[in-house]
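Q: Please take a close look at a single helix of this model. I would like a connected account of how the helix is placed and of the parts of the fold around it.

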Amino acid sequence: MHHVEIETQGFAVIPDVVSEGSISVLLQRLSGANLRRSRAGIRHALQHPGVMEIAHDPGLLDIARANLGNDAIPFRATLFEKSPLSNWLVVWHQDTALPLRKRVEAEGWGPWSVKEGVIYAHAPASALNQVLALRVHLDDSTLENGPLRLLPATHKLGVLSDDGIHDLAATVKPVDCIVGKRGILAMRPLIVHASSKSLSDKARRVLHIEYASSRVVENRFELATA
């Protein structure tokens, strides 16, 4: 079940997880939904019933629970839409912010912010190690359309400074994550990653769903659904 690869390398590419029919239905439902869209896509997409349904797809839940335990649940989703009309790059970084039900002051948490009414805090590695992202590919990801690039095994290094990330990007050989439509890229949030602009005229749509081992992390921080 790719568990060892995810734990040692911080990621795994798993082909043909979601059915073609499920993707078609999701895209139809999203096209008619009144969702707030940014240049990059849709934030807080898990609030849409169609996205919540995909997040509970048995294939996705099996992957999440194999890595996080049997109580793993989805808590956040983001739809990324890269196209000729909406094209961007993302510099090397880690995903360290979590959506929370309320603000609790504690060492290692923060800075805090509010995005579209949802409270966020940058979290310590101990909390982020309880999270796994599953990126559902709604189109083929190729070398030409700005795929995600990862620095293998960097998820083991904890929360890094900007200088630390810069040094790693200069020394660790990156991997381009080429994933076919219906496939999954499973990744730990602390793995250092980036993406370049697309050079293709074809869309690259990815539904990024995050799962946690439980709704409450670090015994006192309750994750919000976003």
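A: In this predicted model, helix α2 has Ile23, Leu26 and Leu30 as buried residues. These residues cover an arc of only 65 degrees around the axis, which puts them on the same side of α2. The face turned away from that buried side carries Gln28 and Ser31, which are exposed. The length of the helix agrees with expectation: α2 comprises 12 residues, 20-31, which at 1.5 Å a residue should span 16 Å, and the C-alpha atoms at its ends are 17 Å apart.

The cover over the buried residues of α2 includes helix α3 (49-55) together with the strands β3, β8 and β13. These three strands belong to an open sheet of 6 strands, in which the order is β1-β11-β8-β13-β3-β2 and the pairing is antiparallel. The edges of the sheet are formed by β1 (11-14) and β2 (41-42); each has a single partner strand, so one side of each lacks a neighbour in the sheet. For β2 that partner is β3 (residues 73-82), and the two pair in the antiparallel sense over 2 bridges. Within this pairing, glycine 41 has phenylalanine 80 of β3 as its bridge partner. Another helix, α4 (residues 58-68), lies across β1, β8 (131-137), β11 (184-187) and β13 (204-212), and runs at about 155 degrees to β8.

Strand β3, one of the elements covering α2, also contains lysine 82. With a relative accessibility of 0%, lysine 82 counts as buried. Its side chain makes a polar contact of 3.3 Å with the side chain of serine 195, and also reaches the backbone oxygen of serine 196 at 2.8 Å. Beyond its neighbours within four places in sequence, the residues in contact with lysine 82 include Asn87, Trp88, Asn145, Gly146 and Arg204.

A further sheet is also present. It is open and consists of 3 strands in the order β5-β7-β6, with antiparallel pairing. Here β5 (97-100) and β6 (112-115) stand at the edges with a single partner strand each, so one side of each is without a neighbour in the sheet. Neighbouring strands of this sheet are turned against each other by 35 degrees on average, direction ignored. Between β6 and β7 (residues 118-122) there are 4 bridges in the antiparallel sense, and valine 114 has isoleucine 119 in β7 as its bridge partner.

Conventions. Residues are numbered from 1 along each chain as its sequence is written. This is a predicted model: local features need pLDDT of at least 70, side-chain atom pairs count only at pLDDT 80 or more; totals for chains, interfaces and linings use all residues. Side-chain values use heavy atoms; hydrogens and water are left out. Two strands pair if DSSP finds at least two bridges between them. Axes are lines fitted to C-alpha atoms, for helices over the stretch in contact, and angles run from 0 to 180 degrees between N-to-C directions. Contact means heavy atoms within 4.5 Å. The expected span of a helix is 1.5 Å times one less than its number of residues. Buried means under 20% relative accessible area, exposed over 50%, partly exposed in between (1.4 Å probe, protein chains only). The arc is that of the directions from the helix axis to the C-beta atoms. A polar contact is a pair of N or O atoms within 3.5 Å; within protein, one must be able to donate a hydrogen and the other to accept it, and residues adjacent in sequence count only if both atoms are side-chain atoms.
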